[in-house]
Amino acid sequence: MPRQDHAVGEAARLLGISVDTLRRWDRAGRIRTRRDAANRRTVTAGEITRLRGSEPHELSARNRFRGTVREIKAEGLLAQVELEAGPFRVVAVVTREAVEELGLKPGAPATAIVKATSVMLER
C-alpha cells in the first residue's frame with residue numbers, strides 16, 4: 001500500500017522544491033499540510049499529486065519554469081524549443097521525437113526543468 005502522508009523533506013523532494021519553499025507555501029496557503037501526533041508537518045500523496053499535476057516520480061531538479069511554447073525549430077533529429085516563462089525565456093535543444101511525444105506546439109503550456117551543476121558564460 002502506498003504511503004499516504006509524507007514528511008516535509010520527502011514532500012519537498014517529490015515536488016522539486018526546497019523545504020523552506022514548502023514552508024512558505026504552507027504559510028501562504030498554497031499547499032495543504034497536516035500535523036502529526038508530534039506536531040510535525042506532513043503532506044498527503046493527494047496534495048503532492050494536485051501540485052504536480054500527475055503521479056509523483058523521482059526527479060531532483062529544483063528549478064522549474066512553467067510557461068508557454070513560443071517557437072519550435074526542428075531540423076533533422078533535433079529541435080530547438082523556445083519557452084516563455086514569465087520574465088524568462090528558456091531555450092532547450094531536445095530530440096524531435098521528444099517534441100512529438102510531449103505534443104509540444106506553439107501556444108502549448110510546458111515546463112522547463114533545469115538541473116545543472118554549473119553554467120558558465122564569458123565574453
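I take strands as DSSP runs of E with at least two residues, numbered from the N terminus. The model is a predicted one.

Entry 1, the sheet. I looked up the strand order first. Three strands form an open sheet in the order β1-β3-β2, with antiparallel pairing. I noted β1 (5-7) and β2 as the edge strands, each of which pairs on one side only. Between β2 and β3 I found antiparallel pairing over two bridges. At this pairing I located R35, which stands opposite R41 in β3.

Entry 2, the helices on the sheet. I then checked what packs on the sheet. Helix α1 (residues 8-15) does so and touches β1 and β3; the direction of helix α1 makes about 100 degrees with that of β1. Helix α3 (residues 45-52) also packs on the sheet, touching β1 and β3. For helix α3 I recorded an angle of about 65 degrees with the direction of β3.

Entry 3, the loop at N39. I looked up the loop between β2 (34-35) and β3 (41-44) and found N39 in it. N39 is not a glycine, yet I read a positive phi of about 65 degrees for it.

Entry 4, the surface around L78. I placed L78 in strand β5, which covers residues 78-85. Is L78 buried or exposed? I entered L78 as partly exposed because its relative accessibility is 45%, and that class lies between under 20% for buried and over 50% for exposed. I also recorded that L78 forms a nonpolar surface patch with L77 and V93. Together, L77, L78 and V93 have about 340 Å² of accessible area.

How values were computed: Residues numbered from 1 in each chain as written. Predicted model: local features only at pLDDT ≥ 70, side-chain atom pairs only at ≥ 80, totals over all residues. Heavy atoms only, no water. Patch = residues over 30% accessible without salt bridge, like charges linked within 9 Å, V, L, I, M, F, W, Y side chains within 5 Å. Areas by Shrake-Rupley, 256 points an atom, 1.4 Å probe, with all protein chains shown as cover. Salt bridge = Lys/Arg side-chain N within 4 Å of Asp/Glu carboxyl O. Buried < 20%, exposed > 50% of the residue type's maximum accessible area, 1.4 Å probe, protein only. Pairing = 2+ DSSP bridges. Contact = heavy atoms within 4.5 Å. Axes fitted to C-alpha atoms, helices over the stretch in contact; angles between N-to-C directions.
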